[in-house]
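Dear colleague,

I am handing over the structure that we spoke about, and below it you will find an account of what turned up in it. Please keep the model open beside the text as you read.

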Amino acid sequence: MIIDFKKYSSVRIGPLCELEILEEEREFDGFIIGGANNLLVSNKPKKLGILGKKFDFITVLEKNKEFMILEIGCATRSKNIHSFCKENNLKGLEFLRKIPGLLGGLLKMNAGLKDENISKNLLTVSLAKKELKREQIGFAYRFCPIDEVMFKASFRLNYGFDYAKDEYLKKARDNQPSGASFGSIFKNPKGDYAGRLIEAVGLKGFVKGGAMLSDKHANFLINKKNASFEDAIFLIELAEKRVFEEFGIRLLREVIVI
Ligand SMILES: Cc1cc2nc3c(=O)[nH]c(=O)nc-3n(C[C@H](O)[C@H](O)[C@H](O)COP(=O)(O)OP(=O)(O)OC[C@H]3O[C@@H](n4cnc5c(N)ncnc54)[C@H](O)[C@@H]3O)c2cc1C
């Protein structure tokens, strides 16, 4: 399968690439992509793979008066998971309304918003040859140590879709910069904000070629017009360098460069 990352990735940067489709649960020695909402793809990426359509599903494994246990394929979109939860009055995944991605990518990034994240209500994750329980995994802020392909996962969700939280989290996203991006460039350092630090070193709104460190939120890189990989990586490295020089803080990347 050929993917044009200029169209497929959320930041609209990258080459045309040949990808291997994983139709079955098996080991894979390349780099697996999800929805490419957190990726910056260079002109020479590694061997790439993507899950087949078979892994786009939501199945109810158990249902009682208190909760449901769902099994969800790792190629399922966040917005479909959100809609399912809303339709079935399930709480815990309201934040997915505004976070783009497929379940595999959401799990690998332990994606979240405010106090919510995808691993909170997780029960198990299935890999090619084993199933792991949540407690065995060691999730942390935007971190999941699994380095294999994830194929499906199960969640226990109580009833009571939280409409107030849904609206609050939607609003929290509404003031994020518009335009093609991969969300936050860097994780927030403990007790601080990457956006504040980048702004403090004078890089808010800084432009290189077609890319810009957003003038609305400096931790967002926006592809303003035909930005190249080189434009984007220049800005990322510049922000890292300037923040380290000024504050002695090494910003950790949330975006994955391949
Ligand atoms: C506008 C915008 C807003 C965003 N806001 C937020 C936010 O509020 N909070 C937040 O946490 N994130 C946010 N993000 C980032 C992004 O949505 C998340 O990181 C999401 O989890 C990426 O999912 P993906 O499927 O696109 O993964 P990709 O970007 O394709 O991949 C990300 C990582 O997941 C791995 N991966 C993908 N699929 C699998 C699999 N099946 N098995 C194993 N590993 C896999 C990849 O190898 C890679 O390491 C935002 C992005 C955008 C564009």
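Helices (H or I, at least four residues) and strands (E, at least two) are taken here as DSSP runs, numbered from the N terminus. The model is a predicted one, in which local features need a pLDDT of at least 70 and side-chain atom pairs count only at pLDDT 80 or more, while totals for chains, interfaces and linings use all residues. Residues are numbered from 1 along each chain as its sequence is written, and side-chain values use heavy atoms, with hydrogens and water left out.

To begin with the whole, the protein has 7 helices and 16 strands. Its radius of gyration (taken over C-alpha atoms, with a globule rule of 2.2 Å times the number of residues to the power 0.38) is 19 Å, close to the 18 Å that the rule gives for 258 residues, so the protein is as compact as a globular protein of that length. Along the principal axes, the C-alpha atoms fill a box of roughly 55 × 40 × 30 Å. Of the 258 residues, 50% are buried, where buried means under 20% relative accessible area, exposed over 50% and partly exposed in between, with a 1.4 Å probe and protein chains only. Among contacts (heavy atoms within 4.5 Å) with a separation of 6 or more, 62% join residues that are 24 or more positions apart.

Helix α7, residues 229–247, has 19 residues and spans 27 Å from its first C-alpha to its last, close to the 27 Å expected at 1.5 Å a residue, the expected span being 1.5 Å times one less than the number of residues. Its buried residues include Phe229, Ile233, Leu235, Ile236 and Val243, and the charged residues Asp231 and Glu240 are also among them. An α-helix has 3.6 residues a turn, so residues three or four places apart point the same way. The buried residues of α7 pack against α6 (194–200) and against several strands, including β4 (39–40), β15 (221–223) and β16 (256–257). Just after α7, Gly248 takes a positive phi of about 70°.

Two residues other than glycine also have a positive phi. Ala36, in the loop between β3 (31–33) and β4, has a phi near 55° and is buried, with a relative accessible area of 3%. Asn110 lies in the loop between α3 and β8 (112–113); its phi is near 40°, and Asn110 is buried, again with a relative accessible area of 3%.

Asn110 also appears in the surroundings of Phe143, a residue of the loop between α4 (134–137) and β12 (152–158). Leaving aside neighbours within four places in sequence, Phe143 is in contact with Lys108, Met109, Asn110, Gly138 and Lys187. Phe143 counts as partly exposed at 38% relative accessibility, and its C-alpha lies 8.3 Å from that of Ala111, which is 32 residues away in sequence.

The last loop to look at is the one between α2 (78–87) and α3 (103–108), where Gly101 is placed. At 10% relative accessibility Gly101 counts as buried, and, its neighbours within four places in sequence aside, Gly101 is in contact with Asn37, Thr76, Arg77, Ser78 and Leu106. The C-alpha atoms of Gly101 and Ser10 are separated by 9.7 Å, although the two residues are 91 residues apart along the chain.

With best wishes
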